[in-house]
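Here is a short report on selected local features of one protein chain. Salt bridges come first, then backbone and helix packing.

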Amino acid sequence: MGTIIFIILYLILVLMLLKDIEKGIISYVIFSLFAPNLNINNTQISFEISAFFIVIIILLIKRREIFTLYKKGKVFRQRLWMYFFLLIFSTLVGTIRYESSIGIVSIFGIFRTIIVIYLLQFIMKQNEDKVLDKIIWPILFINFITSVIQLTFPESTTFFYNLYYKESLTPLNEVLRLGYFSRAYGTFGSPVLLGVFSVFSFAVYFGYLIEKKKCKIIYIKLILSIAIGLMALSKTAILGLPALLIIFYFLALYGIIKVKNRKTLLIPILVFPMAIGIIKILERQGLFIYYYLEYLLKPFEVFETRYDSTEGILANTYMIIKENWFIGVGKISISDIFIGDSMYIDLIYTSGIIGLAVYFSILLSATLWNIRFRNTTAVFCVAALCLAGTGAPVQFEILSAILIAYVFSKAEKSISLNVKKHAED
């Protein structure tokens, strides 16, 4: 079944790319986030990787200008290559020092993410808000339906395991062993990533609401964003969603963002009873939702075990970081090393303090421009990325590429319009 779905989606993608570039790129991103893996001789190949090559080939033939490496003005995506080449250098140094093999697949993943940002910014030139909704909404709806099925029908474990299992998604092994989903996994094959997407989608639609963007059924989209985070029993979502609301009030109070829709000030009042309702439903389903909700009272306990520097699973990782704190060790394979569920640790481990500074200087630069031009949703996207990064290494993933492309596009467009306005004056 998974192979049939994979082939059908692949053919649809090719036809879409040949007919309409914008729809083709949007389809590639959406399909990559819900399509099953292709299973060949017990080797699982993700749709994102396998379709990437055909996407690049078709676009190089039809729209070569997408990949322009130099363009005048503020082009934030070009700065990402600084980090990429720094990572290559760190990897070479790490390979020599530890006599280890190079993680070609991981390096290619970062390269692919940067290219995806190029693709998304190309189609966001006219209306970045509309494009963002076109991508987020189908993924959100599909994952809500999928999550409901997973928590309602125990027999669905085998079906979803066959669709999404691969070596990098080991949590699905536990689901198959249990014979039921103890928490929702969605189409991501991991409750952690489903929680990350919950925070991302909430940030987008909450930002749209604040800015009074035209967006159909926006309240339903907000509710579904919260629901999938709770169904995933994700600490990233349970802590991240309230944190976004706190950030909102802080930024609004100090006039850093402009609240065009005053009704959003009442959102917590509306969210609270709705969240209680979802929690009650999940409780009846037998989920240990209250165990995870307790972290709202003790949020910093999330880091006490997994991120402990002496006895936790990152103890050896911290030793490597201490020895290579300046430029890291790159994408190499070292035994007994767990990089961790954090983009901050991942960045420092792979590229050191320099890499961490380069990566966030690029995001911060775009964010400061978005603050200046009151692009609230873009500011919220960066906040969501930073919050989700505490629970998953999302700095170079197709999920984060969607938000990063939007943040860059809003900043670049605002700068361009501002320059044009001053030129006319």
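## A buried pair: Asp346 and Lys331

Asp346 and Lys331 are both buried. Each falls under the 20% relative accessible area that defines the class. The model is predicted.

These two residues form a salt bridge, with the closest N and O atoms 3.9 Å apart. Asp346 sits in helix H15, and Lys331 sits in the loop between H14 and H15. The pair links distant parts of the chain, 15 residues apart.

## Asp129, Lys410 and a network

The structure holds eleven salt bridges. Another of them joins Asp129 to Lys410, and here the closest N and O atoms are 3.5 Å apart. Asp129 lies in helix H6 (residues 128-152) and Lys410 in helix H17 (residues 398-424), so this salt bridge ties together parts that are 281 residues apart in sequence. Are Asp129 and Lys410 buried or exposed? Both are buried.

Asp129 and Lys410 also belong to a network. Its other members are Glu128, Lys213 and Lys413. Salt bridges that share partners join these residues into one network.

## A partly exposed pair: Arg63 and Glu65

Arg63 and Glu65 also meet through their side chains in a salt bridge, at 3.9 Å from N to O. Arg63 has 32% relative accessibility, so it counts as partly exposed. Glu65 is partly exposed too, because its relative accessibility is 44%. Both values lie between the 20% limit for buried and the 50% limit for exposed.

## Positive phi between H9 and H10

Which residue has a positive phi of about 60° although it is not a glycine? That residue is Lys212. Lys212 is placed in the loop between helix H9 (191-211) and helix H10 (218-231). Its relative accessible area is 56%, so Lys212 is exposed.

Ile217 is also in the loop between H9 and H10. This residue has a positive phi of about 40°, and it is not a glycine either. Ile217 counts as partly exposed, because its relative accessibility is 44%.

## Ser335 in the H14-H15 loop

Ser335 is found in the loop between helix H14 (315-323) and helix H15 (343-372). Is Ser335 buried or exposed? With a relative accessible area of 59%, Ser335 is exposed. The cut-off for that class is over 50%.

Ser335 and Ser100 are 235 residues apart along the chain. Their C-alpha atoms are separated by 9.5 Å.

## Packing of H2 on H5

Two packed helices are described by the angle between their axes and the distance between the axes. Helix H2 (residues 21-32) and helix H5 (residues 104-123) pack at an angle of about 140°. Their axes are 10 Å apart. The angle makes H2 oblique to H5, because only angles over 145 degrees count as roughly antiparallel. H2 passes H5 in a left-handed crossing.

Which residues of H2 meet H5? They are Ile21, Glu22, Ile25, Ile26, Tyr28 and Val29. On the H5 side, the contact is made by Arg112, Val116, Leu119, Leu120, Phe122 and Ile123. By class, the contact of H2 with H5 has ten nonpolar and two charged residues. No polar residue takes part.

Note on methods
Residues numbered from 1 in each chain as written. Predicted model: local features only at pLDDT ≥ 70, side-chain atom pairs only at ≥ 80, totals over all residues. Heavy atoms only, no water. Helix = DSSP H or I, 4+ residues; strand = E, 2+ residues; numbered from the N terminus. Buried < 20%, exposed > 50% of the residue type's maximum accessible area, 1.4 Å probe, protein only. Salt bridge = Lys/Arg side-chain N within 4 Å of Asp/Glu carboxyl O. Axes fitted to C-alpha atoms, helices over the stretch in contact; angles between N-to-C directions. Parallel < 35°, antiparallel > 145°, perpendicular 65-115°, else oblique. Left-handed = near helix turned anticlockwise from the far one by under 90°. Contact = heavy atoms within 4.5 Å. Nonpolar A, V, L, I, M, F, W, Y, C, P; charged D, E, K, R; others polar.
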